[in-house]
Amino acid sequence: MRTIKTDFLIFGGGIAGLWLLNRLRAAGFSVLLLEQDRLGGHETLNANGIIHGGLKFGLAAMLRDIEDLDDMPALWRACIAGTGDLDLSGVRVLAEHQYIWSEANLAARATTFFASRLITGQVRPVDGADRPAALHNPGFEGRVYRLSDLVIDIPSLVSSLISKHKSCIYKVSPQNCHLETDDRHNTTAVFITAAGLEPIRIHPTNVVLAGGQGNAALLEDIGLREPAMERRTVHMVMLKRPNLPMLHAHCLGASRNPRLTITAHPTRDGEMIWYLGGELADEGAGRDERMQIEKAQRELKELLPWVDIRGARFKTLKIDRILPAGDRGLLRPDNAYVQAIGNNILTWPCKLTLAPNLGRQVLAHLEKEGIKPEHEQPAEALPLLFPEIGQPIWDILFT
Ligand SMILES: Cc1cc2nc3c(=O)[nH]c(=O)nc-3n(C[C@H](O)[C@H](O)[C@H](O)COP(=O)(O)OP(=O)(O)OC[C@H]3O[C@@H](n4cnc5c(N)ncnc54)[C@H](O)[C@@H]3O)c2cc1C
């Protein structure tokens with residue numbers, strides 16, 4: 001049997017696990033990351049990629065006027081410039097800004113809605129040719145505002161986060177990976193077996209549970225059913241058609257959440273898709289695929305009638321968003337969820353946007369507890385495979 005000691009063992013290769021892998025390695029810790037499926041995560045690769053600014057949890061948060069703690073877009077921009085918490089200079093920015101548009105009949109509401117943000121410059125009205133092409137049409141009579149949010153390409157983010165740490169990342173199957181714990185919920189060892197290979201026992205000083213929805217099973221492995229997580233199912237819609245205009249925008253509706261959110265993403269075949277969320281996706285959880293596509297077509301016809309979607313191919317994705325249970329996610333939208341349980345650190349980022357906050361919280365916890373690097377990074381590779389890198393759903397569905 002091979003026995004290894006490591007400062008950190010991370011479960012999960014979505015944004016939470018990969019971000020922490022980078023931050024912990026940069027802080028001098030030895031780290032191994034185990035992924036049971038594909039790298040890039042489940043939620044992460046299927047996210048819109050919006051790095052929310054003052055809005056944090058979207059328009060709902062803005063309506064409650066939650067003040068900023070950290071300016072997430074600024075932290076991400078620094079990383080992308082190579083001067084931030086991490087070097088993300090390989091990340092492709094799809095849009096420097098996200099827009100909000102309102103229809104003419106809601107224009108007065110939009111002005112009231114943005115009043116304080118307009119003064120501080122977080123939101124700025126845009127007219128004429130400064131508007132995105134899809135909202136620069138004689139038929140459009142509403143208003144358009146520009147936000148500080150940026151939109152990033154997730155596959156390039158995942159490549160950037162794994163590029164320097166490939167030798168720390170391994171594929172495991174849940175059946176062959178067993179956690180050994182003590183009666184205080186400390187993970188004392190992780191035992192990995194694989195057919196035809198020497199068994200491996202890893203003794204981690206600390207463990208990070210960054211499995212997204214898989215955290216429930218990991219918590220059970222350490223003998224806990226709490227903290228509970230909440231799944232919120234959303235029904236996203238994708239459409240693909242040559243020459244779709246580039247658009248990254250929310251449509252302000254009559255309720256707290258955006259009526260429609262659109263982000264545009266490049267596909268592997270060099271074309272582009274629109275990824276539709278917002279209320280359409282939140283309220284579409286109960287609709288089947290056909291009904292959801294019809295609803296999306298009606299929304300596009302009503303909100304952007306001049307955009308030609310004739311002949312577009314539509315697909316949908318039902319996916320769970322994972323948040324800590326209760327209202328915590330919405331009450332504290334400016335923080336990722338981090339909780340120490342014995343030598344385990346349980347994490348739910350709540351938003352891709354909050355990855356820098358997650359990293360900072362975990363490092364602050366280590367500092368506070370006086371946790372320092374103890375072990376060298378294993379010199380020899382483990383006899384385990386490197387996981388496959390996942391793809392966004394549109395590259396799978398539109399082949
Ligand atoms: C449709 C959609 C759109 C979104 N858009 C945005 C957006 O625009 N902006 C934003 O800020 N946020 C957005 N989010 C939220 C954001 O995507 C998530 O908060 C974030 O990606 C969660 O990351 P994660 O690493 O916790 O989980 P995941 O990305 O799901 O990764 C968890 C990983 O852990 C692995 N795993 C699980 N259990 C184990 C185990 N036992 N051993 C090893 N590996 C394990 C899984 O296989 C998976 O790869 C969106 C979410 C959805 C669903």
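**Notebook: loops, core and a helix pair**

I began with the loop between β19 (344-348) and α10, and noted that C350 has its place there. I kept in mind throughout that this is a predicted model. In C350 I found a positive phi of about 70°, although this residue is not a glycine. I then looked up its surroundings: C350 has 25 other C-beta atoms within 10 Å, and because 20 or more make a residue buried, C350 is buried.

For a second positive phi I went to N243, a residue other than glycine, where the angle is near 65°. N243 sits in the loop between β13 and β14 (249-252). Is N243 buried or exposed? I counted it as exposed, because it has 7 C-beta neighbours inside 10 Å, and the cut-off for exposed is 12 or fewer.

Next I checked the peptide bond from E226 to P227, which is cis, with omega near -5°. I placed P227 in the loop between α6 (215-221) and β13 (229-240).

I then turned to the helix that follows the loop of C350, namely α10, and to its partner α1. How do the axes of α1 and α10 (residues 355-369) lie? They come within 9 Å and cross at roughly 50°, and the two helices are therefore oblique to each other. I recorded the crossing of α1 past α10 as right-handed. On the α1 side the residues that meet α10 are I15, A16, W19, L20 and R23, and on the α10 side I listed A355, L358, G359, V362 and L363.

L20 came up again when I looked up the largest nonpolar core, which has 104 residues. L20 is among those with the most contacts inside this core, together with I10, V31, V208, V237, M238 and L276. Helix α1 (residues 15-26) gives the most to the core, with seven residues. I also noted that the core draws at least three residues from each of two domains, domain 1 (2-44 + 157-228 + 326-392) and domain 2 (99-148 + 230-324).

From that list I followed M238, and, leaving aside residues up to four places away in sequence, I found that M238 touches I273, W274, Y275, F314, K315, W394 and L397.

Last, I wrote down the totals for the protein chain, which has eleven helices and 19 strands. Of its 399 residues, 45% count as buried. Among contacts between residues at least 6 apart in sequence, 73% join residues at least 24 apart.

Terms used: Residues are numbered from 1 along each chain as its sequence is written. This is a predicted model: local features need pLDDT of at least 70, side-chain atom pairs count only at pLDDT 80 or more; totals for chains, interfaces and linings use all residues. A nonpolar core is a set of buried Ala, Val, Leu, Ile, Met, Phe, Trp, Tyr and Cys residues joined through C-beta atoms within 7 Å. Helices (H or I, at least four residues) and strands (E, at least two) are DSSP runs, numbered from the N terminus. Domain bounds come from an automatic or database domain assignment. Two residues are in contact if their C-beta atoms, placed from the backbone, lie within 7 Å. Axes are lines fitted to C-alpha atoms, for helices over the stretch in contact, and angles run from 0 to 180 degrees between N-to-C directions. Angles under 35 degrees count as roughly parallel, over 145 as roughly antiparallel, 65 to 115 as roughly perpendicular and the rest as oblique. A crossing is left-handed if the near helix is turned anticlockwise from the far one by less than a right angle, and right-handed if clockwise.
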